Amino acid sequence: MAELQLRNARPLVRAFYERDPRRVAREILGKVLLRREGRKLRAGRIVEVEAYLGVNDPAAHAAAGRTPRNRVLFGPPGHAYVYFIYGNHYCLNVSCMPEGKAGCVLIRALEPLAGMEQMRGARGLKGKRREADPRLLTSGPGRLSEAFDITRSRDNGKDLTAAESDLVIVDGDGAGGRVRVTTRIGISKAAHEKLRYVLAGNAFVSGKKI
DNA sequence: TTATAGATTGCCT
DNA sequence: GGCAATCTATAAT
């Protein structure tokens, strides 16, 4: 998809997110995350996500009930929930379900479409041997957050459906591949639940090739 | 007040 | 394959 077309695309509407995270997770594959800063544009196709349910999902941050940290999850749908993990990394989620009910989708991997140079800079890969591997840009929740300069102070609570927002999700060329459902990664609670959605065979899916 | 686990990644052996 | 980095919420003193 042409860069100009992406830049002018309208964000997905709030109703898209106002549903069960499992539905949203499946349908958000193939959509495009945009960071718009003046003339600069970073864009990545969503190829891997995980659904986190409400207070009944032991692995979800919402399981402990509403706290200052996770309040976005209980707010209106279509907002960014950004948290810091392992003392090193930010992760980007989108809130789902109607206001008052928790639920979200964790964005785990992107296929870079535009602004790769900026992403390399943000990731600190310039001049390194590893610079050549495009998978290191956005393949993994911590990596894509760093590539898009996503931080808690900057983006937590941001409305991803607002036309004027610098961080939005827009329509893409479609899923462009079959959706595969697997167990979630990196969790210990409710680890058997199949709530991870990937575009089968896409090279930018994190972890081992499936 | 202190301890610990966690929706991860990069560098080491 | 192992482990350090080092923020946050929650559990344990």
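A polar contact is a pair of N or O atoms within 3.5 Å; within protein, one of the two must be able to donate a hydrogen and the other to accept it, and residues adjacent in sequence count only if both atoms are side-chain atoms. With that in hand, the DNA is a good place to start. A backbone N or O atom of G142 sits 3.0 Å from a phosphate oxygen of DNA strand B. The structure is a predicted model, in which local features need pLDDT of at least 70 and side-chain atom pairs count only at pLDDT 80 or more, while totals for chains, interfaces and linings use all residues. Residues are numbered from 1 along each chain as its sequence is written, chains are lettered from A and ligands numbered from 1 in the order in which they are written, and side-chain values use heavy atoms, with hydrogens and water left out.

Staying with DNA strand B, R143 brings a polar side-chain atom to 2.5 Å from a phosphate oxygen. A base gets a partner too: a backbone N or O atom of H61 lies 3.3 Å from a base nitrogen of this strand. The elements that give two or more residues to the surface here are β3 (80-85), β4 (89-95), β5 and α7; helices (H or I, at least four residues) and strands (E, at least two) are DSSP runs, numbered from the N terminus. In total, 22 residues surround DNA strand B, the closest being Y83, N93, R123, R143 and G186, where a residue is near a strand if one of its heavy atoms lies within 4 Å of it. Of the atoms of DNA strand B that come within 4 Å of the protein, sugar and phosphate make up 53%.

DNA strand C has its own set of neighbours: A64, T67, R69, F84, Y86, G87 and N88. For this strand, sugar and phosphate account for 67% of the atoms that come within 4 Å of the protein.

Next comes helix α5 (residues 116-123), where M119, R120 and R123 are buried, meaning under 20% relative accessible area (exposed is over 50%, partly exposed in between, with a 1.4 Å probe and protein chains only). They share one side of α5 because they cover an arc of only 100 degrees around the axis, taken from the directions from the helix axis to the C-beta atoms. The buried residues of α5 pack against β2 (40-52), β5 (104-114), α6 (135-138) and α7 (141-147), with contact meaning heavy atoms within 4.5 Å. Right after α5 comes G124, with a positive phi near 70 degrees.

Two buried strand residues are worth a look. E50 belongs to strand β2 and is buried, with a relative accessible area of 0%. What does the side chain of E50 reach at 2.8 Å? That would be the backbone nitrogen of I185. The E50 side chain also makes a polar contact with the side chain of Y52, at 2.7 Å. S95, for its part, is found in strand β4, and its relative accessible area is 0%. The C-alpha atoms of S95 and G78 are separated by 5.3 Å, although the two residues are 17 residues apart along the chain. Leaving aside neighbours within four places in sequence, S95 is in contact with residues including Y17, V72 and C104.
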